[in-house]
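Trainee: I'm new to this one. Please take me through a single part of the surface, with enough background to place it.

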Amino acid sequence: MVLGVISIPVFAVLHVIISLAAIVSGIVVVVGMIGSHRLPAWTALFLTLTVLTSATGFLFPIKSFTPALGTGIISIIVLLIALVALYGRHLVRRWRWIYVATAVLALWFNVFVLIVQAFLKVPSLHALAPNGNEPAFLATQAAVLVVFILLGAAAAVRFRPAPLVA
């Protein structure tokens with residue numbers, strides 16, 4: 001039981017749904033950045049779901065410190081910086097590229113974990129990389145990282161949205 005209310009399997013499904021929705025909304029946001037569009041509703045949805053993804057990860061039974069916990073901690077820190085840049089500093093001067101970098105990084109963390117989970121849970125992928133350090137897994141993560149670096153660079157250069165009108 002999680003928080004004494006919901007079973008672990010049901011909670012895991014809820015966590016996965018939130019994570020997948022965060023990834024989809026994050027892709028919309030990053031594509032919007034590359035087109036220099038703010039997309040405030042999508043952005044709020046992405047940031048909220050990504051915070052929920054990271055936060056709900058801490059509600060699973062924890063027996064020891066794991067790479068997943070470390071990723072969650074780093075993700076929360078990255079998200080806090082993104083939130084400050086967007087809502088606290090309003091993307092002024094350097095806060096624009098700081099926001100872009102942290103938002104893209106937060107999305108990458110979600111996709112990174114999705115790939116890890118896919119290699120753990122999808123039998124055909126697990127057969128290719130049962131330990132998570134085989135060439136198939138490493139090549140997949142490296143390729144995705146390169147894509148995110150390119151997307152982040154494009155977004156940092158092109159995201160110059162007009163100020164919000166009050």
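Mentor: Let's start with the whole: buried residues (under 20% relative accessible area, 1.4 Å probe, protein chains only) make up 36% of the 166 residues. Keep in mind that this is a predicted model, where local features need pLDDT of at least 70 and side-chain atom pairs pLDDT 80 or more, while totals for chains, interfaces and linings use all residues. Residues are numbered from 1 along each chain as its sequence is written, and side-chain values use heavy atoms, leaving out hydrogens and water.

The protein has six helices and zero strands (DSSP runs of H or I, at least four residues, and of E, at least two, numbered from the N terminus). It exposes about 9600 Å², with carbon and sulfur atoms supplying 78% of that (Shrake-Rupley areas, 1.4 Å probe).

Now zoom in on a nonpolar surface patch formed by Phe-58, Ile-62, Phe-65, Ile-73, Ile-77 and Ile-81. Together these side chains offer about 550 Å² of accessible area. To join a patch like this, residues need over 30% relative accessible area and no salt bridge, with nonpolar side chains linked within 5 Å; a salt bridge would put a Lys or Arg side-chain nitrogen within 4 Å of an Asp or Glu carboxyl oxygen.

Look at Phe-65 first. It sits in the loop between helix H2 (40-57) and helix H3 (67-88). Its relative accessibility is 62%, so Phe-65 counts as exposed, the cut-off being over 50%.

Next, Ile-73, Ile-77 and Ile-81 fall within H3. An α-helix has 3.6 residues a turn, so residues three or four places apart point the same way.

Note on methods
Patch = residues over 30% accessible without salt bridge, like charges linked within 9 Å, V, L, I, M, F, W, Y side chains within 5 Å.
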